[in-house]
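Here are my notes on the model you sent over. I went through the helix packing, then the charged side chains and the loops, and numbered the points so you can reply to each.

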Amino acid sequence: MNIAEFITHLESAIDSPVGSISAGQALSDILEWDSLAVVSFIALADAKYGKKVSPAALKDCKTVDDLAALVA
């Protein structure tokens, strides 16, 4: 998995416009990053990457790269 591919999947999962998310971006700067996005990310991690991500693990994530590390 590369970061660009991950971002494409993340944008789709959380209904964020294409090109609106970048590597290293703070999650707090993503307008669509809310509780529904968290659930969508957990579903993405499972369906696309075969990773079980707990909400507790997401609590420590501050950037897009942190999310990518969870599914790497």
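1. Burial first, since a lot hangs on it: buried means under 20% relative accessible area, exposed means over 50%, and partly exposed is whatever falls in between, with a 1.4 Å probe and protein chains only. By that yardstick Asp15 is exposed, because its relative accessible area is 65%. Asp15 sits in the loop between α1 (3-13) and α2 (35-49). Helices here are DSSP runs of H or I with at least four residues, strands are runs of E with at least two, and both are numbered from the N terminus.

2. Some housekeeping. This is a predicted model, with local features needing pLDDT of at least 70 and side-chain atom pairs counting only at pLDDT 80 or more, while totals for chains, interfaces and linings use all residues. Residues are numbered from 1 along each chain as its sequence is written, and side-chain values use heavy atoms, with hydrogens and water left out.

3. Back to Asp15, and its backbone. Most residues other than glycine have a negative phi. Asp15 has a positive one, near 55 degrees. I'd look at that residue in your viewer.

4. Now the helix packing. Two packed helices are described by the angle between their axes and the distance between the axes. The axes are lines fitted to C-alpha atoms, over the stretch in contact for helices, and the angles run from 0 to 180 degrees between N-to-C directions. For the wording, under 35 degrees is roughly parallel, over 145 roughly antiparallel, 65 to 115 roughly perpendicular, and the rest oblique.

5. How do α1 and α4 pack? Their angle is about 100 degrees, with the axes 10 Å apart. That makes α1 roughly perpendicular to α4. On the α1 side the contact (heavy atoms within 4.5 Å) is made by Ile3, Phe6, Ile7 and Leu10, and on the α4 side by Val64, Asp65, Leu67, Ala68 and Val71.

6. Ala68 deserves its own mention. This α4 residue is buried, because its relative accessibility is 7%. Leaving out residues up to four places away in sequence, Ala68 touches Met1, Ile3 and Phe6. Ala68 and Lys48 are 20 residues apart in sequence and 12 Å apart in space, C-alpha to C-alpha.

7. Next pair: the axes of α1 and α2 come within 10 Å and cross at roughly 130 degrees. That makes α1 oblique to α2. Glu5, Phe6, His9, Leu10 and Ala13 of α1 make the contact with Ser40, Phe41, Leu44, Lys48 and Tyr49 of α2. The crossing is right-handed, that is, the near helix is turned clockwise from the far one by less than a right angle, where anticlockwise would be left-handed.

8. α2 and α4 (residues 64-71) pack at an angle of about 40 degrees, with their axes 10 Å apart. The two are therefore oblique to each other, and α2 passes α4 in a right-handed crossing. Phe41, Ala45 and Tyr49 in α2 meet Leu67, Leu70 and Val71 in α4.

9. Val53 is worth a look too. It is found in the loop between α2 and α3 (55-59) and is buried, at a relative accessible area of 11%. Beyond its sequence neighbours up to four places away, Val53 touches Phe41, Ile42, Ala45, Leu58 and Leu70. Val53 and Leu70 are 17 residues apart in sequence, yet their C-alpha atoms are 7.2 Å apart.

10. How many salt bridges turn up? A search of the whole structure finds one, where a salt bridge is a side-chain nitrogen of Lys or Arg within 4 Å of a carboxyl oxygen of Asp or Glu. Asp46 forms a salt bridge with Lys52, with the closest N and O atoms 3.0 Å apart. Asp46 is partly exposed at 35% relative accessibility, and Lys52 is exposed at 71%.

11. The residue I'd flag is Glu11, in helix α1. Glu11 is buried yet has no salt bridge, and the nearest side chain of opposite charge, Lys48, is 13 Å away. For charge, Lys and Arg count as positive, Asp and Glu as negative, and His and the chain ends are not counted. Outside the four-place sequence window, Glu11 touches Ser16, Pro17, Val18, Gly19, Ser20 and Ile21.

12. One of those partners, Ser16, lies in the loop between α1 and α2. Ser16 is buried, with a relative accessible area of 8%. Leaving aside neighbours within four places in sequence, Ser16 is in contact with Glu11, Ile21 and Glu32.
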